[in-house]
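Me: Got a minute to go through this one with me? I'd like the fold, then the side-chain contacts.

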Amino acid sequence: MAVTISDIRAFDRTFADPVRYPDELIQTYINDCAVWLDLPRFRTSRDVAHRYWVCHQLTAQADGAAGKSGAVTEQGVGDVKVAYANSNALFEAPDYSLTTYGTNLLRLIRRYVSLGKAVP
């Protein structure tokens, strides 16, 4: 079964708002997922992985998470300084720790990918 816009909106009601999350944006991430994840590798969990990836992307975009790479480990005020931990360096996927969907996706990936390989 292929993941649809309706699936994403039903998976988490956060994405039900068509103004904040237009159909075109959701569909773009649905389509892009095949470029980033080897979906057939997930076998029976393919749709779950697909939904987690799309929701992670939507959440990261909405929260302005681009460029961040983990939990904040240092903060500053003068000359504004912020440092991020990279808890997923082993999987070369630092941004996946920024959302619940991303961390759930990593758990799923760990079931199908041997340690030491990059996240697809």
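Reply: Sure. One cut-off before we start: a residue is buried when its relative accessible area is under 20%, and partly exposed from there up to 50%. By that rule tyrosine 101 counts as buried, because its relative accessibility is 13%. Keep in mind that this is a predicted model.

Me: OK, fold first. How many helices and strands in the protein chain?

Reply: There are 4 helices and 2 strands. Along the sequence the order is α-α-α-β-β-α.

Me: And what share of the residues is buried?

Reply: Of the 120 residues in the protein chain, 38% are buried. The chain exposes about 7000 Å². Carbon and sulfur atoms supply 52% of that area.

Me: What about contacts with a separation of 6 or more: what share comes from residues 24 or more positions apart?

Reply: Those residues account for 55% of such contacts in the protein chain.

Me: Switching to charges. How many salt bridges does the structure hold?

Reply: Just 1. The side chains of arginine 9 and aspartate 23 meet at 2.6 Å, N to O.

Me: Which parts does that pair tie together?

Reply: Arginine 9 lies in helix α1, residues 5-11, and aspartate 23 in helix α2, residues 23-36. So the pair ties together parts 14 residues apart in sequence.

Me: Is arginine 9 buried or exposed?

Reply: Arginine 9 counts as buried, at 12% relative accessibility. Aspartate 23 is partly exposed, at 38%.

Me: New topic, aromatics. How many pairs are in the whole structure?

Reply: The search finds 5 aromatic pairs. In one of them, the ring centres of phenylalanine 11 and tyrosine 101 are 6.3 Å apart. Their planes are at 45 degrees, so the pair is tilted.

Me: Where do those two sit?

Reply: Phenylalanine 11 is in helix α1 and tyrosine 101 is in helix α4, residues 100-112. The two are 90 residues apart, so this pair links distant parts of the chain. Phenylalanine 11 is partly exposed at 34% relative accessibility.

Me: And how are the rings of phenylalanine 15 and tyrosine 101 placed?

Reply: Their centres are 6.0 Å apart and their planes at 45 degrees, so this pair is tilted. Phenylalanine 15 sits in the loop between α1 and α2, 86 residues from tyrosine 101 in helix α4. Phenylalanine 15 counts as buried, at 1% relative accessibility.

Me: Which residues form the aromatic cluster?

Reply: Phe11, Phe15, Tyr21, Tyr52 and Tyr101 form one cluster.

Note on methods: Residues numbered from 1 in each chain as written. Predicted model: local features only at pLDDT ≥ 70, side-chain atom pairs only at ≥ 80, totals over all residues. Heavy atoms only, no water. Buried < 20%, exposed > 50% of the residue type's maximum accessible area, 1.4 Å probe, protein only. Contact = heavy atoms within 4.5 Å. Areas by Shrake-Rupley, 256 points an atom, 1.4 Å probe, with all protein chains shown as cover. Salt bridge = Lys/Arg side-chain N within 4 Å of Asp/Glu carboxyl O. Phe/Tyr/Trp six-rings, centres within 6.5 Å; stacked < 30°, edge-to-face > 60°.
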